[in-house]
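Dear colleague,

I am passing on the structure below, and my notes on it follow. Please read them with the coordinates open beside you.

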Amino acid sequence: MKRLVLACLLALVALAGAHELQPAYLELREGADRSIAVTWKIPYFKGRPLPIEPGFPDDWQEISEPHLTPLGNGLLFRWKMKPGESGLDGAMIRIEGPRTGLTDVLVRATLANGEATTRVLRPESPGTEISFANGGVPFMLGYLFIGIQHILLGVDHLLFVLGLLLIVDGTRMLVKTITMFTVAHSISLAIATFRIVEVPEAPLNLCIALSILFLGPEVVRKWRGGTSFTIEHPWVVAFAFGLLHGIGFASGLSVTGLPRGEIPLALLWFNIGVELGQLAFVLVSLALMRAWKVIELRWPLALRRAPGLAIGILGAYWTFDRFHAMLTAV
Amino acid sequence: MTFLAHVEAGAASGFLSGLSHPVSGLDHVIAMVAVGLWGAQLGKPAVWVLPVAFPIAMALGGMMGLMGIPLPGVEVGIAASAMVLGVMVVAAARPPLWVAAVIVGLFALFHGHAHGTELPAGANGTLYSIGFVIATGLLHAVGIAIGLIHRYDWGRPTLRGAGALVAAGGVFFLWQALA
Amino acid sequence: MPLAHLVQTGFGGFYDGLAHWALTPQDVLLVVAFALLAGLAGKQRARQLVLALPSAWLLGGLLGLLVPSLMPPELATTLSFGLVGLLVALDRRLPAAAFFALILAAAGLHGVANGSTMATTGPGWLGLVGATLAVFIAVSLIPALLVGLKKPAARVAVRVGGSWIAAASLLMIGWLFRAG
């Protein structure tokens, strides 16, 4: 049984190439002469730019060559287009390419008179009509959605939260610890989004992996009935590492090109999405543990230890993987 | 939340029409409530046998209606059901449990059959069924909740009064069905 | 199946599978009916359900994934949840062998339907894992809420729930064979 569980965990490692992908970004800005200034940012996927591109209505023409700027985490293109008769308002924009299913695309359009609208294109609906009537609601829901998605697909963040759940005793301490984690990552998410502090991605990912690896031995210590600073004051650890994870969340929130005035709203909805996803994960985990106690279901020892082992093994794997990635990048 | 947007519009309307159908006809509503009233008056075990048995009997009728299996005298049966159930409540009748179950089951069959044949075309069958069953169950719950006044001294005559109202409504619907 | 077109959550196959389960009424009603049955029967049955039902589901799902043409007719998946609902309405405590056989047959059947849908509409095995996890969570949580119920009225409420599930099944069968 123990071996089986261990084998499953190792298989998990193979799957855990949890690549976090940033949303792509498309900006269309109408100039005084009705020409459209296009900004197109694509993220890297496994070290290469994601092969997707925007598709415009047939009667649109390029009037300048694309200008390429490489960024740390993707490529930025800028060029100008002449729209068809009907102009920007009401134009159908599609995202094309073989890998459109991999990421969200944030589309932002601004008219010459300053009116703006923002859309989030999701993999299942890669086209949208640019419309300036009531653009506000889908925009905010889009960020909420990206937030939920970011946390639910962020296996590393969820494992860290699970580690906290395994260490904490009692409802009071649990609420305190989860609250601290939330407060900390909200603060650092805001700081990173406003670029008050900029942290290079590779060392950050390494540190997040280390924070998970750190929890592994603590869980084991807890099994053995031992104690430590972390076990006695889990909220301190939750707060400290929460700051780190918050900067990580910021990678999922692309605000490049958003007007400064709209960033706080985008940030708020993204953060609400992250908290909703995290809360759902915590509540389901706790409800399951409680339910098994009520029906007196005792899992075999190996299975009970599996979550703790998964945290340690995956933490170690990610640490090596990201350290390796950092070295090869240099 | 976001996934719900992907459910076909027909699905949502199927559920809502299923939910609203049992409450849309007054003759159905008072008969359902009367089942609850009588069940509460009869006390254990009828108070739970009836709500457990009724949905199944009614669904059986609904199934026949959907399949187009004819059931003679449906209109008269429905109209008579409110009257008969109302009279039972007025009289505080206490037949053996199986007699009560057969009476209620028979009426349930009629009501279900009528609903089955009246099903709107194009509605989503699965969600219609679920909405329909939930609405019917809630009507029983209303009847039973009202019927709980049976345990108080002042409640028993009040309950019989409510039965008289149901019976009067039943006479009206019967007259309409026959006229 | 009315909702057989796959829901796309935009969260990838795993969550698509999870959402697909939650939006397929036959599958939800079957799992809820089993959960009510086990909840009424006590802790031992509840424990057995947590282990047996997701396993049967996964097994059937793998079969459906490998051989999508095995897709069972809707009549079968409807009858199966109606039967379990009826057992809840009657408050029957099944012997262990019958309980396991019923789980294997009914949950296995729905699993095949699930796996076959996953194979033909997109998310594949990852979707099946998501659906199985959803099922596992449901059969862990619901019986735990019920095993402590001692009041007769509370047990009756559960039985009424079972009767509603059986009724929904009958209506759906009528719908499948509707005239006109």
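In this predicted model, the contact between chain C and chain A draws 15 residues from chain C and 15 residues from chain A. On the side of chain C that touches chain A, the elements giving two or more residues are helix H3 (43–66) and helix H6 (124–146) of chain C, and H6(C) supplies the largest share, namely five residues. Sorted by class, that side of chain C consists of nine nonpolar, four polar and two charged residues.

Turning to the interior, the largest nonpolar core has 154 residues, among which B:Ala34, C:Ala33 and C:Phe34 touch the most other members. Because domain 1 (2–18 + 154–329) and domain 2 (24–138) of chain A both contribute residues to this core, it lies between them. Once its neighbours within four places in sequence are set aside, B:Ala34 is in contact with B:Ala82, B:Leu85, B:Gly86, B:Val89, B:Gly143 and B:Val166. There is also a second, separate core of 26 residues, which includes A:Ile167, A:Ile178, A:Val219 and A:Leu314.

One further residue I looked at is C:Gly161, which lies in helix H7 (residues 152–176) of chain C. With 19 other C-beta atoms within 10 Å, C:Gly161 counts as partly exposed, since a buried residue needs 20 or more. Apart from its neighbours within four places in sequence, C:Gly161 is in contact with C:Leu36 and C:Val88, while C:Gly161 and C:Ala38, 123 residues apart in sequence, are 13 Å apart in space from C-alpha to C-alpha.

With best regards

Methods: Residues are numbered from 1 along each chain as its sequence is written. Chains are lettered from A and ligands numbered from 1 in the order in which they are written. This is a predicted model: local features need pLDDT of at least 70, side-chain atom pairs count only at pLDDT 80 or more; totals for chains, interfaces and linings use all residues. A nonpolar core is a set of buried Ala, Val, Leu, Ile, Met, Phe, Trp, Tyr and Cys residues joined through C-beta atoms within 7 Å. A residue is buried if 20 or more other C-beta atoms lie within 10 Å of its own, exposed if 12 or fewer, and partly exposed in between; C-beta atoms are placed from the backbone. Domain bounds come from an automatic or database domain assignment. Two residues are in contact if their C-beta atoms, placed from the backbone, lie within 7 Å. Helices (H or I, at least four residues) and strands (E, at least two) are DSSP runs, numbered from the N terminus. Ala, Val, Leu, Ile, Met, Phe, Trp, Tyr, Cys and Pro count as nonpolar, Asp, Glu, Lys and Arg as charged, and the others, Gly among them, as polar.
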